[in-house]
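These are my notebook entries on a single protein chain. I set down what I looked up, entry by entry.

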Amino acid sequence: MLSRRTRALGALVLLATSLGAIPLIVREDIPWPELVASRVWLGALTLLSLLAVRRQLRFPSSHRVEIIFAGVLFAIHWAALFWAIKLTTVAVALAVVYLGPVAAAVLAPRLLGERVPRRMYGALGISFFGLLLVVVRESTGETLSSGSTLGGTLAALVSAAALAALMLVSKAAVDEVPPLVVTAGELATAAIVLSPWLPGAIRETVAHPLPLLTLGIVLTGFSYLIIWTAIRELSVAAVGVMLHIEPISAVLLAMVFLDEVPQPLQWLGIGLVISGGLMAARHATREDVLTAPANL
């Protein structure tokens, strides 16, 4: 029978692969503020409804500050990411944003008390270098002298910082609070932060029901429930490596649906990301890799 860590890894791989479809949705003609608000509100309503059905619709008594703070970080992360994609290429935005999981993995031992073997950092380094190879062809034509590109890069840096903080804060919360409660609380907080764009989000959801319902319910509500469940069982470093599958999936889906065929250097990068993921999976499923993290 599969261990909980193995099941968590499998679910995370499938999820990261499916998240690669998000750039296809972003390509729709939808303003980014309404897109972000629609995503958050639909995700929050989905999980709050699930809690109501299970008669667990109450704010947790512990880690309230962390959950509220993480909800604000959710709103900042997604708003900055979608804004970055509007200002620069998807490849540049993803390359910068995925500095976030790297930063979280580096900071986790110091802030959360995680003990992570050096080989896990090696896997993270291989995976991130592979990601850079994947996006290098798309970004070589861009220069930071361009105001739009500079703005997009700065927005992506804000998104990356928010993502790193979000992973660390949520890790502390889900160690003591059920992941469903944590995720619902964070998304509800983010929805309140983004409420000024709710009227426009409703209009866009009515106009584009399939992509936005998929983005909000499946790729937000349930996806972050899976991520926080996995981060409860695994180290932040292991989750960070696995999340690098998302941009690889985006490149492959773009090849199928947008006729954007990867170049040889990009195929090499894809291979490195997969190799890093396999290394992380091998070490993350060993019982002696992890220790109980300290609270923030």
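**Entry 1: overall fold.** I read the secondary structure along the sequence and found the pattern α-α-α-α-α-α-α-α-α-α-α-α-α-α. The count comes to 14 helices and zero strands. I note here that the model is predicted. Of the 296 residues in the chain, 53% count as buried. I then looked up contacts between residues at least 6 apart in sequence, and 90% of these join residues at least 24 apart.

**Entry 2: nonpolar core.** I looked up the largest nonpolar core and found that it has 72 residues. Met 167 and Trp 228 are the residues with the most contacts inside this core. Helix α8 supplies the largest share of the core, namely eleven residues. I listed the neighbours of Trp 228, leaving aside residues up to four places away in sequence: they are Phe 74, Leu 166, Met 167, Ser 170, Val 174, Pro 179, Val 182, Thr 183 and Glu 186.

**Entry 3: Ser 170.** Two names in the Trp 228 list, Ser 170 and Glu 186, led me to a polar pair. Ser 170 is located in helix α8, which spans residues 147–174. Is Ser 170 buried or exposed? I recorded Ser 170 as buried, because its relative accessible area is 0%, where the limit is under 20%. The side chains of Ser 170 and Glu 186 make a polar contact of 2.8 Å. Beyond four places in sequence, Ser 170 touches Ala 70, Glu 186 and Trp 228.

**Entry 4: His 77.** I next turned to His 77, which sits in helix α4 (residues 64–87). His 77 counts as buried because its relative accessibility is 4%. Which side chain does the side chain of His 77 join in a polar contact? I found Ser 159 as the partner, with a distance of 2.8 Å. Ser 159 also appears in the contact list of His 77, which excludes residues up to four places away in sequence and further holds Val 97, Ala 162, Leu 163 and Tyr 224.

**Entry 5: Thr 153.** I stayed with helix α8, which contains Thr 153. I classed Thr 153 as buried because its relative accessible area is 14%, against a limit of under 20%. I also checked Thr 153 against Ala 80: they are 73 residues apart in sequence, and their C-alpha atoms are 10.0 Å apart in space.

**Entry 6: Ala 37.** I found Ala 37 in helix α3, residues 32–53. Ala 37 is buried, with a relative accessible area of 0%. Ala 37 and Ala 201 are 164 residues apart along the chain, yet their C-alpha atoms are separated by 5.9 Å. Ala 201 is one of the residues that Ala 37 touches beyond four places in sequence; the others are Leu 194 and Trp 197.

**Entry 7: helices α1 and α11.** Last, I looked up how α1 (residues 4–19) and α11 (residues 209–233) meet. Their axes come within 9 Å and cross at roughly 145°. I recorded the crossing as left-handed. From α1, the contact is made by Arg 4, Arg 5, Ala 8, Ala 11, Leu 12, Leu 15, Ser 18 and Leu 19. From α11, Leu 219, Ser 223, Ile 226, Ile 227, Ala 230 and Glu 233 take part. I sorted the residues of this contact by class and obtained nine nonpolar, two polar and three charged.

Conventions
Residues numbered from 1 in each chain as written. Predicted model: local features only at pLDDT ≥ 70, side-chain atom pairs only at ≥ 80, totals over all residues. Heavy atoms only, no water. Helix = DSSP H or I, 4+ residues; strand = E, 2+ residues; numbered from the N terminus. Buried < 20%, exposed > 50% of the residue type's maximum accessible area, 1.4 Å probe, protein only. Polar contact = N/O pair within 3.5 Å; in protein donor to acceptor, adjacent residues only side chain to side chain. Contact = heavy atoms within 4.5 Å. Core = buried A, V, L, I, M, F, W, Y, C linked by side-chain atoms within 4.5 Å. Axes fitted to C-alpha atoms, helices over the stretch in contact; angles between N-to-C directions. Left-handed = near helix turned anticlockwise from the far one by under 90°. Nonpolar A, V, L, I, M, F, W, Y, C, P; charged D, E, K, R; others polar.
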